[in-house]
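I opened this model to look up its sheet, its helices and its core. My notes follow in the order in which I looked.

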Amino acid sequence: MKSPDEQTMGPPMDEDAIARDLLNCIDDLQGLPKKPASHLYPDNTSIRSHIHRRDLIIRGTQLILEGIGVDITDRNFADTPRRYANFISELFWGPRPAITAFPETHDQMVIVRNHEAWTLCPHHLLPVRLVISIGYIPKGSVLGLSKLARLFDDINTQPLMQETAVDKLCTRLYHETGEMGAGVIMKGEHLCMRMRGIKSSHSEAITSKLMGVLRENPQARTEFLALAAVHSQP
Ligand SMILES: [Zn+2]
């Protein structure tokens, strides 16, 4: 026997399907190409959850603007909350191409140097510009060079401490490349140090992590550190 509610409501709604339609509408408005949801949002959260998080960012940005004291009906600010939510979506939840590996007998060090990436610092939510050099020793296959640089996108799903970023990136690289040896050097320009506080306009933070052969073999370590050094003005 159906309850009165079941009799009047009909079949249950597919909330994920509704959320997916909504997301496509948002993407249409933004002029973004349609992509499979799993491609857009790989971090184990549902589309509905992302829409909820996006809504929170929009509401939060409105509150910040009101707190600053601006007229949020002014044309310059009216769409700012949605733009900020788009920026966060692009920075942390953008497309994540699959990491491809190619069979290769080359067994010497491979290095990609001076890759630029951006994140936000967890303490002030201000931008951090990173210049990253990564290297590894192949074990029967090599990663596509562009994929090597994109590994950072996989770990950049929320504001990151630079120390955490270098640790996560090196660990990911080490496991993706057969666990022979991996190393990462990261230079960070933190706007929270430049715009506020000590206002140190030229300071840079350097972090590194080495694993496997690159950590244990002094010759390999020296070779990596010499070849992968990040430059001040790449
Ligand atoms: Zn900071």
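I began at the hairpin of β2 and β3, where six residues lie between the strands and Leu-125 takes a positive phi near 55°. The model is predicted: I read local features only at pLDDT of at least 70 and side-chain atom pairs only at pLDDT 80 or more, while totals for chains, interfaces and linings use all residues. Residues are numbered from 1 along each chain as its sequence is written. Helices (H or I, at least four residues) and strands (E, at least two) are DSSP runs, numbered from the N terminus.

Entry 1, overall. I found 11 helices and six strands in the protein chain. Of its 234 residues, 22% count as buried. For burial I used C-beta atoms placed from the backbone: a residue is buried if 20 or more other C-beta atoms lie within 10 Å of its own, exposed if 12 or fewer, and partly exposed in between. Two residues are in contact if their C-beta atoms, placed from the backbone, lie within 7 Å. Among contacts between residues at least 6 apart in sequence, 68% join residues at least 24 apart.

Entry 2, the sheet. In what order do the four strands of the open sheet stand? I read β2-β3-β5-β6, with antiparallel pairing. Strands pair here if DSSP finds at least two bridges between them. The edges are β2 (110–120) and β6 (205–212); each has a single partner strand, so one side of each is left without a neighbour in the sheet. On average, neighbouring strands are turned by 15° against each other, direction ignored. Axes are lines fitted to C-alpha atoms, for helices over the stretch in contact, and angles run from 0 to 180 degrees between N-to-C directions.

Entry 3, strand pairs. I went through the sheet from β2. It is joined to β3 by nine bridges, and the two run antiparallel; Thr-119 stands opposite Val-128 in β3. Between β3 and β5 I noted 10 bridges, again in the antiparallel sense. Gly-135 stands opposite Gly-183 in β5, and Val-131 stands opposite Lys-187 in β5. Lys-187 also has a bridge partner in β6, namely Ile-206. Strand β5 (residues 181–190) pairs with β6 over eight antiparallel bridges, and Val-184 stands opposite Lys-209 in β6.

I then checked how enclosed the inner strands are. Nine of the 11 residues of β3 are buried, so this strand is largely enclosed by the rest of the structure. The same wording fits β5, because nine of its 10 residues are buried.

Entry 4, helix α8. I compared its length with the expected span, which is 1.5 Å times one less than the number of residues. For the 15 residues of α8 this gives 21 Å, and the end C-alpha atoms are 21 Å apart, which agrees. Its buried residues are Ala-165, Val-166, Leu-169, Cys-170, Leu-173 and Tyr-174. Seen down the axis, they fall within an arc of 155°, so they line one face of the helix; the arc is that of the directions from the helix axis to the C-beta atoms. Just after α8, Gly-178 takes a positive phi of about 90°.

Entry 5, the core. A nonpolar core is a set of buried Ala, Val, Leu, Ile, Met, Phe, Trp, Tyr and Cys residues joined through C-beta atoms within 7 Å. I found 27 residues in the largest one, and among those with the most contacts inside it are Ile-132, Leu-169, Val-184 and Met-186. At least two residues each come from β3, α7 (145–155), α8, β5, β6 and α11 (218–227). β3 supplies the largest share, seven residues. I listed the contacts of Val-184, not counting residues up to four places away in sequence: Ile-132, Ile-134, Val-166, Leu-169, Cys-170, Leu-173, Ser-208 and Lys-209.

Entry 6, helix α6. Pro-81, Ala-85, Ser-89 and Trp-93 are buried in this helix. Down its axis they fall within an arc of 80°, so they line one face. Phe-87 and Glu-90, on the other side, are exposed.

Entry 7, Gln-62. This residue lies in helix α4 (residues 47–68). I count Gln-62 as partly exposed because it has 16 C-beta neighbours inside 10 Å. Leaving aside neighbours within four places in sequence, Gln-62 is in contact with Ile-72 and Pro-81.
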